[in-house]
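Biologist: I've got a model here and I'd like to talk it through with you. Can you bring it up so we're both looking at it?

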Amino acid sequence: MTLNTIIQNKKVSKYRLSKNSCIPYSTLSDILNGKARLEKCSAETVYKLSGELQVSMETLLAPYLEKRCSFELFKSNVCHQLKALGDIDFIIQTLENNKIREYYDRQWTAAGYGGLSRQG
């Protein structure tokens with residue numbers, strides 16, 4: 001669960017989180033907008049956020065430290081899964097396991113792979 005998701009679930013504003021955790025609003029905003037990376041922040045910043053949100057530091061950092069495979073391997077895995085399940089079952093499983101939302105929340109987009117080229 002990403003920091004943005006935790007904040008939404010806890011129904012706390014960025015302003016209130018900034019004030020209560022003593023983290024400058026601009027720093028918090030940069031983290032939430034992806035301009036600063038949470039895993040590169042000081043331990044003190046992560047500690048303050050985790051304390052204020054009442055989650056462990058590990059819970060806060062876990063989504064940002066998970067490594068993802070190469071895009072080619074990802075495409076291959078998806079193609080094999082599609083072939084094994086068939087179109088409809090693949091779509092149903094994709095919607096049920098909520099992977100698209102998970103990738104979106106982690107900001108794992110094609111841009112993270114340096115963009116995609118279209119091949120005709």
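Modeller: Sure. One term before we start: a residue counts as exposed when its relative accessible area is over 50%, as buried when that area is under 20%, and as partly exposed in between. And keep in mind that this is a predicted model.

Biologist: Okay, let's use that. Is Glu-72 buried or exposed?

Modeller: Its relative accessible area is 53%. The cut-off for exposed is over 50%. Therefore Glu-72 counts as exposed.

Biologist: Which residue does the side chain of Glu-72 meet in a salt bridge?

Modeller: Look along helix H6, residues 71–85. About one turn of the helix, or 3 residues, separates Glu-72 from its partner there. The two side chains meet at 3.4 Å, N to O, and the partner is Lys-75.

Biologist: How many salt bridges does a search of the whole structure find?

Modeller: Side chains of opposite charge can pair when their charged atoms come close. Besides the pair in H6, Lys-48 and Glu-44 meet in a salt bridge at 3.3 Å, N to O, and they sit 4 residues apart in helix H4. Arg-37 and Glu-39 form another, at 2.6 Å, N to O. Searching the whole structure gives a total of 3.

Biologist: Arg-37 and Glu-39 caught my eye. Where do they sit relative to the largest pocket?

Modeller: That pocket holds about 490 Å³ of space, and 21 residues line it. Arg-37 and Glu-39 belong to that lining, and along with Tyr-64, Arg-106 and Trp-108 they are the closest to the pocket's centre.

Biologist: Which helix gives the most to that lining?

Modeller: Two helices, H3 (25–32) and H5 (57–65), each supply at least two lining residues. The top contributor gives 3 residues, and that's H5.

Biologist: And by class, how many charged residues does the lining have?

Modeller: The lining is a mix of classes. There are 8 nonpolar and 5 polar residues in it, and the charged ones number 8.

Biologist: Let's finish with the largest nonpolar core. Which helices each supply at least two of its residues?

Modeller: In soluble globular proteins, nonpolar side chains tend to be buried together. This core has 14 residues, and Leu-3, Leu-38, Leu-49, Leu-53 and Leu-60 touch the most other members. Leaving aside neighbours within four places in sequence, Leu-60 is in contact with residues including Leu-3, Leu-38, Leu-49 and Leu-53. The helices that each supply at least two core residues are H1 (3–10), H3, H4 (43–53) and H5.

How values were computed:
Residues numbered from 1 in each chain as written. Predicted model: local features only at pLDDT ≥ 70, side-chain atom pairs only at ≥ 80, totals over all residues. Heavy atoms only, no water. 1 Å grid on protein atoms, 1.4 Å probe; cavity = no way out; pocket = protein on both sides within 12 Å on 5 of 7 lines; lining within 4 Å. Points joined across faces, edges and corners; volume = space filled by probe spheres on them. Nonpolar A, V, L, I, M, F, W, Y, C, P; charged D, E, K, R; others polar. Core = buried A, V, L, I, M, F, W, Y, C linked by side-chain atoms within 4.5 Å. Buried < 20%, exposed > 50% of the residue type's maximum accessible area, 1.4 Å probe, protein only. Contact = heavy atoms within 4.5 Å. Salt bridge = Lys/Arg side-chain N within 4 Å of Asp/Glu carboxyl O.
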